[in-house]
Amino acid sequence: LIATDRWDFGIFLGMERRWTRDTFVVNAALVFPGKIVAEDDASASYNQPLMPSVNLSWLHRFKHWKNSEFFVQAMYAEHPLRELVDSEFTDLDFQLTAGLKWHTRHGVLGFGFTENLFNMDNTPDIGFHLSWDWAISL
């Protein structure tokens with residue numbers, strides 16, 4: 001998760017509620033990051049704070065295009081160095097993503113646009129992603 005060269009541990013809780021064509025998803029996570037140790041001085045270390053994050057998602061399946069979905073996702077996350085560095089780069093992350101997904105026989109193709117909602121200096125202002133989900137049946 002974090003480039004500390006140490007083990008990070010985390011817990012994750014996910015819940016979803018499905019209706020006929022809509023799904024609401026809540027994901028919450030908490031990361032217990034490893035200690036950062038300076039390469040040249042093992043006594044110089046920094047214990048990072050806990051890193052919570054929350055994702056809220058809404059997916060809507062179209063009535064006439066049953067294999068297509070529209071989704072909106074809101075994300076909140078803490079920065080791992082927020083207590084070490086006083087900068088806009090370490091402020092809270094609030095992002096909103098919207099996009100479409102198409103279910104095919106071979107997987108799910110998706111694309112979306114992400115916008116940073118409040119602080120424009122700590123994450124990319126605008127992002128684009130393209131995804132392919134493929135599940136293995138056992």
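# Briefing: pockets and strands

Glu-16, Arg-18, Trp-19, Thr-20, Arg-21, Asp-22, Thr-23, Leu-59, Arg-61 and Glu-69 line the second largest pocket. The model is a predicted one. Its protein chain has 9 strands and 0 helices. Below, the pockets come before three single residues: Glu-16, His-60 and Gly-99.

**The second largest pocket**

- This pocket has a volume of about 170 Å³.
- Its lining holds 6 charged residues, along with 2 polar and 2 nonpolar ones.
- Strands β1, β2 (22-32) and β5 each give the lining at least two residues.
- Leu-59 and Glu-69 are among the residues of this lining. Both also count among the residues closest to the centre of the largest pocket.

**The largest pocket**

- The largest pocket encloses about 220 Å³ of space.
- It is lined by 13 residues, and those closest to its centre are Leu-59, Glu-69, Phe-71, Lys-101 and Asp-133.
- Its lining is made up of 6 polar, 4 nonpolar and 3 charged residues.
- Five strands each supply at least two lining residues: β5 (51-61), β6 (68-77), β7 (93-103), β8 (108-116) and β9 (126-133).
- Strand β5 supplies at least two residues here, and β5 also supplies at least two to the lining of the second largest pocket.

**The chain as a whole**

- Read from the N terminus, the order of elements is β-β-β-β-β-β-β-β-β.
- The chain has 138 residues, and 29% of them count as buried.
- About 10,000 Å² of the chain is exposed, with 61% of that supplied by carbon and sulfur atoms.
- Take the contacts between residues at least 6 apart in sequence: 42% of them join residues at least 24 apart.

**Glu-16, in the lining of the second largest pocket**

- Glu-16 sits in strand β1, which covers residues 9-18.
- Is Glu-16 buried or exposed? It is partly exposed, because its relative accessible area is 45%, between the cut-offs of 20% and 50%.
- The side chains of Glu-16 and Arg-18 are joined by a polar contact of 2.4 Å. Both residues line the second largest pocket.
- Beyond four places in sequence, Glu-16 touches Thr-23, Phe-24 and Val-25.
- Glu-16 and Trp-58 lie 42 residues apart in sequence, yet their C-alpha atoms are 9.6 Å apart in space.

**His-60, a buried residue in β5**

- His-60 belongs to strand β5.
- Why does His-60 count as buried? Its relative accessible area is 17%, and buried means under 20%.
- Which side chain makes a polar contact with the side chain of His-60? That of Asp-22 does, at 2.7 Å.
- Neighbours within four places aside, His-60 is in contact with Arg-21, Asp-22, Ser-68, Glu-69 and Phe-70. Among these, Arg-21, Asp-22 and Glu-69 line the second largest pocket.

**Gly-99, a buried residue in β7**

- Gly-99 is found in strand β7.
- Gly-99 counts as buried because its relative accessibility is 5%, under the 20% cut-off.
- Gly-99 and Phe-71 are 28 residues apart along the chain, with 5.5 Å between their C-alpha atoms.
- Again leaving out neighbours within four places, Gly-99 is in contact with Glu-69, Phe-70, Phe-71, Phe-111 and Gly-112.
- Two of these contacts, Glu-69 and Phe-71, are among the residues closest to the centre of the largest pocket.

Note on methods:
Residues are numbered from 1 along each chain as its sequence is written. This is a predicted model: local features need pLDDT of at least 70, side-chain atom pairs count only at pLDDT 80 or more; totals for chains, interfaces and linings use all residues. Side-chain values use heavy atoms; hydrogens and water are left out. Helices (H or I, at least four residues) and strands (E, at least two) are DSSP runs, numbered from the N terminus. Buried means under 20% relative accessible area, exposed over 50%, partly exposed in between (1.4 Å probe, protein chains only). Contact means heavy atoms within 4.5 Å. A polar contact is a pair of N or O atoms within 3.5 Å; within protein, one must be able to donate a hydrogen and the other to accept it, and residues adjacent in sequence count only if both atoms are side-chain atoms. Accessible areas come from the Shrake-Rupley method with a 1.4 Å probe; for residues, only the protein chains shown count as cover. On a 1 Å grid over the protein atoms alone, a cavity is a set of points where a 1.4 Å probe fits but cannot get out, and a pocket is an open set with protein on both sides within 12 Å along at least five of seven lines; lining residues have an atom within 4 Å of a point. Grid points are joined across faces, edges and corners, and a volume is the space filled by probe spheres set on the points. Ala, Val, Leu, Ile, Met, Phe, Trp, Tyr, Cys and Pro count as nonpolar, Asp, Glu, Lys and Arg as charged, and the others, Gly among them, as polar.
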